[in-house]
Amino acid sequence: MCCWIESFLKSRKIQVVPDGATSDRLEINAGVPQGSVLSPILFLIYINDLLSATSNPIHGFADDSTLHHSYKFDKVPKKEDVDEARKGMVETLSSDIDILKEWVRANRVELNLGKTQKCRFSHKRTEMTTALPTMTDEFEDTFSLRLLGTNFTSKMLWNEHVVSVTKAAAKRLGFLRRCKRFFSSTELVTIYKAYVRPLVEFNSHLWVGAPPSTLDLLERLQRRAIRLIGDQSVTNPIDTLEHRRIVGAITLFYRYYYGECSSEISTLIPPLHNSTLVTRQSARAHPHVVASEFCRTAKFKGTFFSVAIRLWNSLPTHVFPPVCNPQLFKNNINTHYRAFPPII
């Protein structure tokens with residue numbers, strides 16, 4: 001097997017063809033061929049020990065890796081408790097950065113400092129005075145981090161991300177306006193659904209509970225698209241983006257509830273709600289009601305799990321298929337919410 005893989009990687013050459021001119025073939029001594037089924041497997045084998053080398057967890061997707069540390073308190077903490085938690089965070093992250101530097105050196109790879117950032121997520125008004133000495137001079141300190149196409153701000157506000165995706169979708173909508181005369185209304189709807197709307201729906205379950213003033217930017221964009229198409233017979237069936245966000249979020253929770261997720265996410269699903277108190281509300285509840293957590297802040301109330309659990313517990317029994325069937329469940333809640341729009 002090792003000889004076969006060596007043959008697959010050894011003596012490979014590349015050349016480029018800019019403007020019709022072909023370069024000489026040059027041998028490459030690193031990397032894996034792009035487009036091969038085997039290449040991602042070899043890459044994952046290569047970085048496999050990186051994900052378990054540090055004391056803090058590392059989450060990776062392809063060649064993007066994120067080292068992170070978090071802490072929380074069961075009750076409102078004192079200033080001394082926060083300072084102690086921050087100190088522990090700095091110590092462990094500093095140690096992990098040194099480990100990562102050694103791993104990079106030992107495995108002969110180069111860390112892209114231009115794409116490496118550090119960001120502190122906190123609702124505290126007092127700034128963190130303790131710095132990360134091994135990172136200060138090398139990594140860019142930012143208040144907004146972009147991870148896999150989603151912008152996360154240090155205060156966990158979604159305005160910046162929504163504005164960003166709205167601008168990107170508006171540019172595509174402008175292209176659609178310029179070539180409108182070449183397409184029928186039905187074709188324009190298809191182009192909007194395939195080319196514009198996915199931009200404003202990617203990872204939308206994360207910010208399903210964002211403030212209405214923020215999410216209204218997206219609805220205004222869709223209303224512009226509907227006016228551009230200009231044919232109510234084909235635009236009337238288009239659901240609002242809010243409806244689609246809610247349906248998408250609760251369908252995703254349905255999959256999580258039935259274990260179609262990673263082991264880490266499955267630990268976040270609350271247990272079934274057990275109450276000996278019989279009320280009119282509990283009598284009408286479906287058998288899949290889960291325990292809800294008290295939301296002390298508006299930001300926590302707007303997070304995915306908080307919103308999804310509230311919507312989940314308020315669903316009628318008839319929308320749940322007798323066996324796990326995500327597509328049938330999605331169709332049922334689509335029909336239900338069109339008749340009875342939910343309130344987040």
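This report describes the overall make-up of a protein chain, then two of its helices and one residue in a strand.

The structure is a predicted model, in which local features need pLDDT of at least 70 and side-chain atom pairs count only at pLDDT 80 or more, while totals for chains, interfaces and linings use all residues. Residues are numbered from 1 along each chain as its sequence is written, and side-chain values use heavy atoms, with hydrogens and water left out.

**The chain**

The protein chain has 13 helices and eight strands. Helices (H or I, at least four residues) and strands (E, at least two) are DSSP runs, numbered from the N terminus. The C-alpha trace spans about 70 × 65 × 45 Å along its principal axes. Of the 344 residues in the chain, 31% are buried; buried means under 20% relative accessible area, exposed over 50%, and partly exposed in between, with a 1.4 Å probe and protein chains only. A contact means heavy atoms within 4.5 Å. Among contacts between residues at least 6 apart in sequence, 60% join residues at least 24 apart.

**Two helices**

The table sets out the lengths of helices α5 and α13. The expected span is 1.5 Å times one less than the number of residues.

| Helix | Residues | Number of residues | Expected span | Distance between end C-alpha atoms |
|---|---|---|---|---|
| α5 | 185–201 | 17 residues | 24 Å | 22 Å |
| α13 | 326–339 | 14 residues | 20 Å | 20 Å |

In α5 the two values agree, and in α13 they agree as well. Helix α5 bends by about 35 degrees at Lys193; the bend is the angle between axes fitted to the seven residues ending there and the seven starting there. The buried residues of α5 are Leu188, Val189, Tyr192, Val196, Arg197 and Val200. Their cover includes α4 (159–178), α6 (212–229), α7 (232–235) and α8 (241–257). Just after α5, Asn203 has a positive phi of about 60 degrees.

In α13, the residues Pro326, Phe329, Ile333, Asn334, His336 and Tyr337 are buried. The buried residues of α13 pack against α8 and α12 (304–313).

**Thr153**

Thr153 belongs to strand β8, which covers residues 150–153. Thr153 counts as buried because its relative accessibility is 10%. The side chain of Thr153 reaches the backbone nitrogen of Leu157 at 2.9 Å. Leaving aside residues up to four places away in sequence, Thr153 touches Phe121, Phe143, Ser144 and Glu160.

Terms used:
A polar contact is a pair of N or O atoms within 3.5 Å; within protein, one must be able to donate a hydrogen and the other to accept it, and residues adjacent in sequence count only if both atoms are side-chain atoms.
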